[in-house]
Structures are given as structure tokens and as C-alpha cells.
Amino acid sequence: MGGAILDYSDPGFGIYVHWPFCAAKCPYCDFNSHVRHKPVDQPRFVAAFQREILQMRAITGARTVTSIFFGGGTPSLMAPQTVDEILSAIGRAWDVAIDAEITLEANPSSVEAERFRGYRAAGVNRVSLGVQALNDSDLKTLGRLHSVSEALTAIELARETFPRLSFDLIYARPGQSVQDWERELDAAIGHAADHLSLYQLTIEQGTPFYGLYKSGRLKIPDGDLSADLYEATQALTSARGLPAYEVSNHAVPGAESRHNLTYWRYGDYVGLGAGAHGRLSHAYGRIGTVNRRLPEQWLEQVETLGHGMESEERLDTEAQADELMLMGLRLREGFDVTRWRDLSGRSVDPDKESFLISHGLLERLGNSRLRCTPAGMMVLDAVVADLAA
């Protein structure tokens with residue numbers, strides 16, 4: 001999949017498949033991931049996914065799937081046959097575009113050549129590797145199970161196996177200087193294909209890192225250093241041909257993640273699996289779906305009721321407008337103010353817009369779009385709060 005960024009008017013229709021199991025829980029992670037010391041009954045989970053897919057097809061009606069994303073957790077712990085059977089069930093329920101982007105997240109520690117070939121044979125055409133650092137000491141601090149050597153081997157194997165590759169790095173790590181990060185990022189870009197996801201380390205409540213941070217035993221860069229690290233990231237990736245198209249995501253133009261763009265352009269997507277969220281359009285409006293978080297509870301509910309939903313919320317047009325703005329301002333392309341006005345029933349406040357533009361935080365793209373400037377991206381939450389209030 002190449003070429004230019006897809007038309008703004010076509011956010012696509014995505015399927016998100018959540019595999020909630022990990023070999024170990026990273027101390028910074030607040031995702032819905034779980035460690036199980038007994039082997040997971042994958043055929044039983046496949047049967048549940050198949051049932052949930054049928055239930056969601058009844059809700060969405062006929063649609064053309066433009067992207068499928070296996071996230072987690074650690075989807076690379078799934079057997080290739082499991083991936084194949086889930087993709088087959090999706091293909092029976094909906095029309096899947098011939099050029100659909102099909103991504104699977106993988107950890108370098110669970111990568112095997114045979115398994116990668118199995119995923120490719122099943123239809124996966126893009127892999128996203130959770131590398132997180134190119135420094136063995138920091139990998140240990142982050143609780144990762146792989147070494148730098150294993151990560152580089154996984155990257156090369158992925159490049160040989162899949163048409164497209166992305167990998168993640170975390171920066172603003174304890175003790176990291178701008179110069180340290182620039183050297184590491186420069187090396188990472190040398191190994192990258194067409195996409196990188198670069199996230200600042202955040203301390204999330206309920207994680208082991210949160211307790212260490214609150215007790216003073218874990219120190220991360222302060223606000224000024226974090227800003228310097230962010231600016232260095234933008235400068236280096238732009239200079240090397242992978243500019244940011246979203247706050248934390250960088251790509252060669254035309255190689256943006258189609259699935260991620262569906263989220264941020266506020267398109268429809270189905271959420272399958274434990275803890276998965278979805279956004280779906282109906283004849284009577286738009287709904288948000290949330291599945292049960294615990295894998296065993298999700299599994300039992302699907303087997304009993306045919307779906308794993310814990311809640312289904314009808315989103316009024318004001319809530320949709322807020323989500324559209326929140327998601328769209330994460331993108332370098334911004335959001336469509338006409339679409340926002342049609343949902344909200346009002347125009348963007350001209351005084352607030354003018355204030356943010358005068359302070360170099362927001363800018364117009366022609367008459368139809370608003371986007372954050374690079375400076376605005378650094379204080380994105382504040383920009384959204386001011387504009388949406």
C-alpha cells in the first residue's frame with residue numbers, strides 16, 4: 001500500500017482484534033494485558049471470536065473492511081492458525097478490500113521465522129514490533145524480555161517477511177539526555193522501513209512505575225527536558241524522511257498506518273476481544289462499544305450471549321463532535337471544521353480560534369480544516385480544552 005495519504009472524506013472501516021495475553025507484564029503498561037501461567041486454549045478463543053464477529057456483523061451490516069489490526073497484549077503469542085481462522089471469519093462476515101492493511105503487533109522475544117511465515121501466509125501484510133529501546137540496560141528497566149540483538153534480528157526478519165514494518169520506541173526514559181536519544185533515534189531510523197511509533201514514557205496510575213515514581217525511586221525527565229526530547233524527535237525524523245503525521249507516529253509520506261488513520265479521522269471500527277472498544281454508525285446514530293476486560297469473563301459471556309460487550313453507549317452529536325476534534329487535532333492534517341459544525345450544530349468559536357492562532361498554537365488549512373502547529377502539538381491537551389470549551 002503506497003501512494004498519497006487517503007482522501008480526508010474516507011476514514012475507512014477497521015476491525016480491531018485484541019489478544020489480551022502477555023508473557024510478562026511491563027512495569028509501565030496499563031493496557032488490558034494479562035499473564036497466564038497455563039497455556040491459553042486458543043481454539044476456544046477462536047470459536048468465541050467467530051461468534052462475536054457474527055454478532056458485530058449483524059450490527060454493522062454489509063461494509064468493506066479497509067484495515068484489520070491485531071493488538072494486545074502480545075498477538076505474536078498467537079499460533080498462525082489462530083490468526084488465519086480469525087481472518088477467515090472476518091472475511092466471511094464482511095467484504096475485505098483486496099488492498100486492506102492487516103497489521104499484527106509482535107514482541108521481539110516471541111518472534112520466530114516459522115511463525116512469521118505463518119502470519120504472512122494467513123494474510124498479515126504489516127507487522128508492528130514492540131522494540132521500545134535500543135539499549136540493553138533500558139530494556140531491562142522497562143521490563144522487556146528481549147535484548148537489542150534480538151530486536152535487530154526481529155526487525156531484519158520482519159523486513160524479509162512482510163511488505164510493511166513499523167516498530168515502537170519509548171523515550172524520555174530515566175536518565176536519558178537529548179544527545180543519548182538523538183544517537184539512539186538515528187540508529188533506529190537506519191533500521192526502520194517506512195514507519196516508526198515514538199512515545200514519551202508516561203507514568204500511569206496502577207502500574208509498578210507509578211509506585212516507584214511517587215516514592216521518588218524513579219525519576220523521569222522534567223517538563224523542559226521532555227519538550228527538548230520531543231523537539232529533537234520531530235527535527236531528526238523530518239530530516240530523515242519520516243515526518244510526524246500524528247503526535248507519536250512518523251512515516252514516509254504514503255506509508256501512514258491506515259488503521260490508525262481510521263481512528264483519528266473518526267471512522268467506524270469494530271472492537272473484538274477482551275477490553276476492546278469500538279465506534280459504529282447506525283441508522284439511528286453512532287454508538288460506542290466496550291467489551292469486558294477480563295479474558296475469561298469475555299470468553300464466557302460470548303459463549304453464552306454471542307458477544308462480549310459490557311456496555312453500549314449511544315453517542316449524541318455533541319459527544320461525536322468532541323471526539324472528532326480530539327482525535328483530529330492529533331493529526332498533522334487536522335480536522336474538518338465543516339464536519340465538526342454539522343455534528344455540533346455550531347461553528348468553532350472565532351475568539352478562541354483567533355486566540356490560539358495568534359499564539360502560534362493553531363492554524364487554518366484553507367477554509368475547511370484546523371490543525372495544531374508544531375508548538376501546539378506540544379501542549380495538545382491545553383489546545384483541545386481551550387477550543388472545545
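Contact means heavy atoms within 4.5 Å, and helices (H or I, at least four residues) and strands (E, at least two) are DSSP runs numbered from the N terminus. In those terms, the buried residues of helix 12 are covered by elements that include helix 11, strand 15 (335-336), strand 16 (362-365) and strand 17 (369-372). The model is predicted, so local features need pLDDT of at least 70 and side-chain atom pairs count only at pLDDT 80 or more, while totals for chains, interfaces and linings use all residues. Residues are numbered from 1 along each chain as its sequence is written, and side-chain values use heavy atoms, with hydrogens and water left out.

**Helix 12 and helix 11**

- Buried denotes under 20% relative accessible area, exposed over 50%, and partly exposed the range in between (1.4 Å probe, protein chains only).
- Val337, Trp340, Leu343 and Ser344 are buried in helix 12 (residues 337-344).
- These residues cover an arc of only 125 degrees around the axis, which puts them on the same side of helix 12; the arc is that of the directions from the helix axis to the C-beta atoms.
- Glutamine 320 belongs to helix 11 (residues 317-328) and is buried, its relative accessible area being 10%.
- Apart from neighbours within four places in sequence, glutamine 320 has contacts with Tyr266, Arg286, Leu315 and Leu343.
- Two of these partners also interact through a charge and a ring: the charged end of arginine 286 sits over the ring of tyrosine 266, 4.0 Å from its centre.

**Charges over rings**

- A charge sits over a ring if NZ of Lys or CZ of Arg is within 6 Å of the ring centre and within 35 degrees of the ring normal.
- Arginine 63 places its charged end over the ring of phenylalanine 13, at 4.4 Å from the ring centre.

**Helix 1**

- The 19 residues of helix 1 should span 27 Å at 1.5 Å a residue, and the end C-alpha atoms are 26 Å apart, which agrees; the expected span is 1.5 Å times one less than the number of residues.
- Its buried residues are Gln42, Phe45, Val46, Ala48, Phe49, Glu52, Ile53, Met56, Ile59 and Thr60.
- They cover an arc of only 160 degrees around the axis, which puts them on the same side of helix 1.
- Exposed residues Pro43, Leu54 and Ala58 are carried on the face turned away from that buried side.
- Glycine 61, just after helix 1, takes a positive phi of about 75 degrees.

**Aromatic pairs**

- Rings of Phe, Tyr and Trp (its six-membered ring) pair if their centres lie within 6.5 Å; planes under 30 degrees apart count as stacked, over 60 as edge-to-face and the rest as tilted.
- There are 13 aromatic pairs in the structure.
- One of them joins tryptophan 19 and phenylalanine 21 edge-to-face, with 5.4 Å centre to centre and 75 degrees between the planes.
- Tryptophan 19 also pairs edge-to-face with phenylalanine 45, at 5.6 Å centre to centre and 65 degrees between the planes.
- Tryptophan 19 lies in strand 1 (residues 13-19) and phenylalanine 45 in helix 1 (residues 42-60), so this pair ties together parts that are 26 residues apart in sequence.
- Relative accessibility is 2% for tryptophan 19, 4% for phenylalanine 21 and 6% for phenylalanine 45.
- Ring pairs link Trp19, Phe21, Phe45, Phe49 and Trp298 into a cluster.

**Helix 10**

- Pro295, Trp298, Leu299, Gln301 and Val302 are buried in helix 10 (residues 295-305).
- The buried residues of helix 10 pack against strand 2 (21-22), strand 3 (34-35), helix 1, strand 13 (285-291) and strand 14 (309-315).
- Glycine 306 follows just after helix 10, with a positive phi of about 90 degrees.

**Nonpolar cores and leucine 198**

- A nonpolar core is a set of buried Ala, Val, Leu, Ile, Met, Phe, Trp, Tyr and Cys residues joined through side-chain atoms within 4.5 Å.
- The largest such core has 101 residues, and those with the most contacts inside it are Ile15, Phe70, Trp94, Phe116, Leu129 and Leu329.
- A second, separate core of 11 residues includes Phe69, Ala251, Ala255 and Tyr263.
- Leucine 198, in strand 8 (residues 195-200), counts as buried at 1% relative accessibility.
- Beyond neighbours within four places in sequence, leucine 198 has contacts that include Leu169, Trp181, Thr233 and His250.
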